[in-house]
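Hi everyone, thanks for coming. I have a structure to walk through today, so let me put it on the screen.

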Amino acid sequence: MSETRETLLSADALNLTDTLLERRAGRDHRIDALFRMMVAAAAAMVLLLLLGAVLVMWQGGLAAFGAQGWDFISKDFWDPANEVFHGLAPIFGTLVTAAIAVLIAAPLSLGVAVFLTELAPSWLRRPLAIAIELLAGIPSIIYGMWGLFVLVPLLGEHVYPWLGENASRLPLIGSWFAGVPIGIGLLTAGLVLAIMILPFIASVMREVFLTVPAPLKESAYALGSTTWEVVWDIVLPYTRSAVVGGILLGLGRALGETMAVTFVIGNANRLGALLEPGTSISATIANEFAEAFADSHRSALLGLGFLLFVVSFVVLGLARVLRARLNRQGGQR
Amino acid sequence: MIVKAGIHSLLLALASLLASGVQAASVSGAGASFVYPAMTKWSADYQKATANRVNYQSIGSGGGIAQVKAGTVDFGSSDAPLPPDELAKFQLAQFPSVIGGVVPVVNLAGIESGKLKLTGRLLAAIYLGHVANWNDPAISEINPGLSLPNQPIRVIYRSDGSGTTFNFVNYLSKVSPEWKQSVGEGTTVRWPGGFGGKGNEGVAAYVKQVAGSIGYVELSYATSNQLTAVAMQNAAGVFVQPTDASFQSAASSANWKDAKDFYLIITNAPAADAWPIAATNFILMPLAPKKSEGAKEALNFFRWVYKDGDAAASKLGYVPLPDALVAQIEAYWASRLKH
């Protein structure tokens, strides 16, 4: 008896809660829609900002593209006093310093990552990994000051004179090492950049090496492979695209780095050899923008900025695509 | 306990900040970084003396000119003067604020500051790359007592656009026709060779690092960094040292009387004791300001600067304007800036 009563009661209560629930669901729906709109707007803002930045630089650079034509990127003659802006030297400097940085940092990072994932005793792995991340957190101006006050005198007194003497006799690339070896120049900028991007590349490599399934490596070891063979034939092929992605990530950072480069590159807006002063796109903009009186000068600097933006964007986009490929690959196996 | 006290004082500071913002008049200015240290000191002293605030943003001369043209600030500041026709077009008044200047400095072992002598033409030849070794006969000829090493000259310049560079290359253009023709003048130019340091501190650092180098910095940097200054031959043919007196002489001997709107660059000044690469910073103000209150306050501030700001400026390595010039500026205000 009491039981049926209870069921009746609860059925009543259920009816009541049904309408309540419906109302509640309606309200939830509205709030949810509002919430969705808000977060979508936040996401859209990022895209708008990106688009806005590109458009502003494109529009600002238009006058320079129009006035200088292809000479803007194909000739070396940057003369703000006479409003001639042929920017091959900064473009060349940006590409060369970034290339040097990657050439040095990539193999070093590979070594660091292999040691951390395959060879280091387990008590050392965490502290070392943290140290690498700390290296990535050092502000770039610190690298610049260290470069100027420590690296420059060292290289200028001990390394570059020797390099200028001996490397300049090499066939083909000998002329790259001509010039006045005082320690300031493209090569020094490349070296400082290499140290700066090393932690980024190394930590990506370390991460992706950890995704290699242990059975693959263990099988190889069981078949008698050396550590080198496991790294070269198992780990690297498995993670190839992500490793390239990591290197491109480092390249992207090297292309845009300003402060550290400005300290040690010599800021000379003309083409030169590796031991001679040069400039990069970002260094030129940082140097000249604040006091660029002429509209044409400002436009030329914005135009250079646009070029840098496009190059960095393509490099970083490629890096993402290559890293994503590893995840897909990992899913399939 | 300490944290609590800290928060308390922070709140107090905030409250006083808000309160002072409401009470006193405030002036806004923007422009050349060259005067920024002086402006900061002046505005702090001025606030102590009058409770009025002056906000100066160091955004570069180009930015200062753009802001004052747009009317977003009460005054702008530029290291290069604007020509009178441009001032007329944008309805602006212009007058000097303080004197500074450029000093060539070298890094040569065994040579003391002020001992090495150079002429303007020689300086241009060095920066053009024609004179490339310290033992060049052209240098030893005017430095008979010095033993100059057989060492290549490393040329250092300012890589960032600056009033310092503007005045330096303006001087080189005045004394060397070849410089004027092949390089020209501007806040940044196409340097024939050498290394660029960013800012006075960058040039000073490069000169200290590189043996056999020559660079140029503002007066205050030459003294505060203990760099080896060069004695320069001036327009009268006399070798002078970079001192307050020689800078002031350059400013007083310059022909301000005939300079409409003070449109005058005082490099290569005529007096026998004038430093040849002296420079003035300029203030720009709208003739018909949007806020006459701010413009009036700005003039009060500069009146105070000319009267009471000299000691602070000298301490920071600037040279105060000579009295005759100040009198001329105040007459100019009375005739042009009637708010």
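At what angle do helix α2 (residues 36-50) of chain B and helix α12 (residues 292-308) of chain B pack, and how far apart are their axes? Before I answer, please keep in mind that this is a predicted model.

Back to the helices. Two packed helices are described by the angle between their axes and the distance between the axes. Here the angle is about 100°, and the axes are 11 Å apart. Angles from 65 to 115 degrees count as roughly perpendicular, and α2(B) and α12(B) are therefore roughly perpendicular to each other.

Who makes that contact? On the α2(B) side you have B:M39, B:W42, B:S43, B:D45, B:Y46 and B:A49. Facing them from α12(B) are B:E297, B:N300, B:F301, B:F302, B:W304 and B:V305. If you sort the residues of this contact by character, you get eight nonpolar, two polar and two charged.

Now to the interior. In soluble globular proteins, nonpolar side chains tend to be buried together. The largest nonpolar core in this model has 170 residues. Which residues have the most contacts inside it? They are B:F95 and B:Y127. The largest share of this core, 14 residues, comes from helix α6 (residues 186-210) of chain A. The core also draws at least three residues from each of domain 1 (1-68) and domain 2 (70-332) of chain A.

Apart from this core lies another one, of eight residues. Among them are B:I65, B:V68, B:V73 and B:L92.

Let me zoom in on B:Y127. Leaving out residues up to four places away in sequence, B:Y127 touches B:V155, B:I156, B:Y157, B:F168, B:L172, B:W179, B:W191, B:P192, B:I214, B:G215 and B:Y216.

Let's move over to chain A. It is divided into domain 1 (1-68) and domain 2 (70-332). How far apart are the centres of these two domains of chain A? Taken over C-alpha atoms, they are separated by 42 Å. As for the contact between them, twelve residues of domain 1 of chain A are in contact with 15 residues of domain 2 of chain A.

Staying in chain A, have a look at A:I73, which sits in helix α2 (residues 71-74) of chain A. Buried means under 20% relative accessible area and exposed means over 50%, so A:I73, at 32%, counts as partly exposed. Not counting residues up to four places away in sequence, A:I73 touches A:L88, A:I91 and A:L307. Between A:I73 and A:I138 there are 33 Å in space, C-alpha to C-alpha, and the two are 65 residues apart in sequence.

Another residue to click on is A:S122, in helix α4 (residues 122-136) of chain A. Is A:S122 buried or exposed? At 63% relative accessibility, A:S122 counts as exposed. From A:S122 to A:W70 the separation is 52 residues in sequence and 56 Å in space, C-alpha to C-alpha.

Back in chain B, there are a couple of backbone angles that some of you will want to inspect. Phi of B:Q91 is near 55°, a positive value in a residue other than glycine. You will find B:Q91 in the loop between α4 (84-89) and β4 (92-107) of chain B, and with a relative accessible area of 43% it is partly exposed. B:N268 also has a positive phi, near 55°, and is likewise not a glycine. That residue, B:N268, is in the loop between α11 (244-253) and β12 (278-286) of chain B, and its relative accessible area of 25% makes B:N268 partly exposed.

I'll finish with two more stops in chain B. B:Q57 is part of strand β2 (residues 53-58) of chain B and is partly exposed, at 47% relative accessible area. Which residue is 27 residues away from B:Q57 in sequence and 4.5 Å away in space, C-alpha to C-alpha? That is B:A30. Beyond neighbours within four places in sequence, B:Q57 is in contact with B:G29, B:A30 and B:G31.

The other stop is B:P83, in the loop between β3 (75-78) and α4 of chain B. B:P83 counts as partly exposed, at 26% relative accessibility. The C-alpha atoms of B:P83 and B:K198 are separated by 28 Å, with their positions 115 residues apart along the chain.

Definitions and conventions. Residues are numbered from 1 along each chain as its sequence is written. Chains are lettered from A and ligands numbered from 1 in the order in which they are written. This is a predicted model: local features need pLDDT of at least 70, side-chain atom pairs count only at pLDDT 80 or more; totals for chains, interfaces and linings use all residues. Side-chain values use heavy atoms; hydrogens and water are left out. A nonpolar core is a set of buried Ala, Val, Leu, Ile, Met, Phe, Trp, Tyr and Cys residues joined through side-chain atoms within 4.5 Å. Buried means under 20% relative accessible area, exposed over 50%, partly exposed in between (1.4 Å probe, protein chains only). Helices (H or I, at least four residues) and strands (E, at least two) are DSSP runs, numbered from the N terminus. Domain bounds come from an automatic or database domain assignment. Contact means heavy atoms within 4.5 Å. Axes are lines fitted to C-alpha atoms, for helices over the stretch in contact, and angles run from 0 to 180 degrees between N-to-C directions. Angles under 35 degrees count as roughly parallel, over 145 as roughly antiparallel, 65 to 115 as roughly perpendicular and the rest as oblique. Ala, Val, Leu, Ile, Met, Phe, Trp, Tyr, Cys and Pro count as nonpolar, Asp, Glu, Lys and Arg as charged, and the others, Gly among them, as polar.
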